[in-house]
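Me: Please give me a close look at a single part of this entry and at what surrounds it. I would like one connected account, with the cut-offs behind each term.

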Amino acid sequence: MADQNLENKVAVVTGAGRGIGKSIALTFARTGADLAICARSEKELVTVKQSAEALGRRCFAMSVDLSDSEQTCAFCEGVLGKFGTVDLIVNNAGAYFERGLFADSDPDLWWKTLEINVRAPYLITRLLIGSMNKGGKIINLTSGKGFSAGANSTAYHVSKAALNMLSEGLANELWQRDIDVNSLLPGPTATATFDNNADGFRRTAEEILASGKDELPPGLPPWERVKHPDEIATVALQLATYPSGGPTGQVFSLARRPL
Ligand SMILES: NC(=O)c1ccc[n+]([C@@H]2O[C@H](COP(=O)([O-])OP(=O)(O)OC[C@H]3O[C@@H](n4cnc5c(N)ncnc54)[C@H](OP(=O)(O)O)[C@@H]3O)[C@@H](O)[C@H]2O)c1
């Protein structure tokens, strides 16, 4: 097991206001990392920033809509203005607007899914990679739906398949700089995206799991399990703390089914 110490490291985590991103950000902060975080909800970001600062970490937080490339670029400028270099990039923020049939899909929302799930990771990585330290790690949050498509949600499937390929292609380019790039596939996890309630009705992972709403989405086998986001953060930390020569270009899956 690698030494799990992120002291003097700067970790960029998108979508860190809640869910898996928040768990990853605070797990990294507890392990010593300073944070650069973004999401749209300022209120959620402030809570995470305060928790990181209470641990003695520096935290740059910016309210950003990642479907907007100018805002995304401004976030990266802010990160470099605050820290100068980065060590870890976790492209976590994800959108899952389109859950119906392709024939019923809204072209604008379909494309916006790609903007948030693919263009934003591209832009953030593209803008920060020149300032990434040797030994850096990039972790892209992907999905089983990027491997086997169901009969709906095509935008999400396409976006996650593209993100897997981005991880793989980047890994093939960045090994020479001692930077590792991997995809992390959570499987069903108790978050707002999983809960899929109307905006404004958000429950914590504990509330979701305690409510018994842990029935699995259609198509998943009964031996799948809805996890707490902290379980995903444990694997993210392992990926973040591997010494040189660790895995790159891989998909780390917490699913309990063949992909
Ligand atoms: N939960 C699961 O079962 C599951 C399974 C497989 C993969 N994943 C992946 O895991 C990642 C994290 O998802 P989650 O389940 O933790 O979801 P979540 O709890 O809904 O959190 C998503 C985060 O992304 C941010 N975000 C969404 N749209 C954004 C935008 N346009 N600009 C900036 N930030 C945005 C959200 O903040 P704001 O809304 O405030 O912007 C929030 O902080 C996603 O990539 C998702 O696809 C999740």
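Reply: Helices (H or I, at least four residues) and strands (E, at least two) are DSSP runs, numbered from the N terminus. The structure is a predicted model, in which local features need pLDDT of at least 70 and side-chain atom pairs count only at pLDDT 80 or more, while totals for chains, interfaces and linings use all residues. Residue numbers start from 1 along each chain as its sequence is written.

The part chosen here is strand β2, which spans residues 34-39. Six of the six residues of β2 are buried, so the strand is largely enclosed by the rest of the structure; a residue counts as buried if 20 or more other C-beta atoms, placed from the backbone, lie within 10 Å of its own, as exposed if 12 or fewer do, and as partly exposed in between. In a regular strand the side chains alternate between the two faces of the sheet. In β2, D34, A36 and C38 point one way, whereas L35, I37 and A39 point the other way, and all are buried.

Strand β2 pairs with β1 and with β3 (pairing requires at least two DSSP bridges). Five bridges join β1 to β2, and these two strands run parallel. On that side, V10 stands opposite D34 of β2. The strands β1 and β2, together with α1, make a right-handed β-α-β unit, where right-handed denotes a clockwise path from the first strand over the helix to the second, with the strands pointing away from the viewer.

Towards β3 (residues 59-63), β2 is again joined by five bridges, in a parallel arrangement. From β2 the chain passes through helix α2 (residues 42-54) before entering β3, and this β-α-β crossover is right-handed. Among the bridge partners in β3 are M62, which pairs with C38 of β2, and S63, which pairs with A39.

Two residues of β2 also stand out in the nonpolar core, a set of buried Ala, Val, Leu, Ile, Met, Phe, Trp, Tyr and Cys residues joined through C-beta atoms within 7 Å. The largest such core has 56 residues, and L35 and I37 are among those with the most contacts inside it, alongside A11, V12 and A25. The largest share of this core, six residues, comes from α1. A11 provides a direct link to β2: residues up to four places away in sequence aside, A11 touches L35 as well as L6, F28, A33, D87, L88 and V90, contact being defined by C-beta atoms within 7 Å.

The ligand brings in residues that follow β2 in the chain. Its surroundings comprise 28 residues, of which the closest are G15, G19, R40, S41 and G94; nearness requires a C-beta atom, placed from the backbone, within 6 Å. Helices α1 (19-30) and α6 (192-195) each supply at least two residues of this shell.

Ahead of β1 (10-14) in the chain lies N8. This residue is exposed, because the neighbours inside 10 Å number 10 C-beta atoms. N8 has a positive phi of about 65°, although it is not a glycine.

Notes:
Contact = placed C-beta atoms within 7 Å.
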